[in-house]
Amino acid sequence: MMAGRNISATHVALMGVKCMGITGSMGVATGAASALCIQHRTTPRGVYEKHVWELQQIVFGIGEHG
């Protein structure tokens, strides 16, 4: 997995990516997905296929993880 400014955008859209917390959010999501891979002994695809709701709860700060 990769986190950070590994995003494709035009020169116009790139300024928005630099100024907002987008890259920070990508890092949070990547770290949470990594933790779920370990917890559920699965791959990133497995998290997407079977645990995406749990990932969303962590990233958005909903429920017991918030």
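Visitor: Which element has the lowest mean pLDDT, and which the highest?
Guide: Helix H1 (residues 11-19) has the lowest mean pLDDT among the elements of the protein chain, at 69, and H3 has the highest, at 96. The term pLDDT stands for the predictor's confidence in each residue, on a scale from 0 to 100. The average over the protein chain is 83, and 82% of the residues score at least 70.

Visitor: What conventions apply here?
Guide: The model is predicted: local features need pLDDT of at least 70, and side-chain atom pairs count only at pLDDT 80 or more, while totals for chains, interfaces and linings use all residues. Residues are numbered from 1 along each chain as its sequence is written, and side-chain values use heavy atoms, leaving out hydrogens and water.

Visitor: How many helices and strands does the protein chain have, and what makes a run count as one?
Guide: Four helices and zero strands are assigned in the protein chain. Both are DSSP runs numbered from the N terminus: a helix is H or I over at least four residues, a strand is E over at least two. The order from the N terminus is α-α-α-α.

Visitor: Why is Thr-30 called buried?
Guide: Its relative accessible area is 16%. Buried means under 20%, exposed means over 50%, and partly exposed lies in between, with a 1.4 Å probe and protein chains only. Thr-30 falls under the lower limit, so it is buried. Thr-30 is in helix H2 and, apart from neighbours within four places in sequence, is in contact (heavy atoms within 4.5 Å) with Met-1, Met-2 and Ala-3.

Visitor: Why does His-51 get its class?
Guide: At 15% relative accessible area, His-51 is also under the limit for buried, hence the class. His-51 lies in the loop between helix H3 (44-50) and H4. Beyond neighbours within four places in sequence, its contacts are Leu-36, His-40, Thr-42 and Gly-46. Over the whole protein chain, buried residues make up 18% of the 66 residues.

Visitor: What makes the six residues a nonpolar core?
Guide: A nonpolar core is a set of buried Ala, Val, Leu, Ile, Met, Phe, Trp, Tyr and Cys residues joined through side-chain atoms within 4.5 Å. The largest one consists of Ala-32, Ala-33, Leu-36, Cys-37, Val-47 and Leu-55. Helix H2 (residues 22-40) supplies the largest share of this core, four residues. In soluble globular proteins, nonpolar side chains tend to be buried together. Cys-37, setting aside neighbours within four places in sequence, is in contact with Met-1, Thr-42, Thr-43, Pro-44 and Val-47.

Visitor: What makes Tyr-48, Val-52 and Trp-53 a patch?
Guide: A patch needs residues with over 30% relative accessible area and no salt bridge; like charges are joined within 9 Å, and nonpolar side chains (Val, Leu, Ile, Met, Phe, Trp, Tyr) within 5 Å. A salt bridge is a Lys or Arg side-chain nitrogen within 4 Å of a carboxyl oxygen of Asp or Glu. Val-52, in helix H4 (residues 52-60), has 31% relative accessible area and is partly exposed, so Val-52 passes the 30% limit. The three residues together have about 350 Å² of accessible area, computed by the Shrake-Rupley method with a 1.4 Å probe, where for residues only the protein chains shown count as cover. The protein chain has an accessible surface of about 4900 Å², and 59% of it belongs to carbon and sulfur atoms.

Visitor: Is Arg-41 buried or exposed, and how do you know?
Guide: The relative accessibility of Arg-41 is 80%, over the limit for exposed, so it belongs to that class. Arg-41 is in the loop between H2 and H3 and has a positive phi of about 50°, although it is not a glycine.

Visitor: Why is Ala-29 called partly exposed?
Guide: Ala-29 has 24% relative accessibility, which lies between the two limits, so it is partly exposed. This residue is in helix H2; leaving out neighbours within four places in sequence, Ala-29 is in contact with Leu-55 and Val-59. Its C-alpha is 8.3 Å from that of Gln-56, 27 residues apart in sequence, and 9.4 Å from that of Phe-60, 31 residues apart. Gln-56, in helix H4, is partly exposed at 41%.
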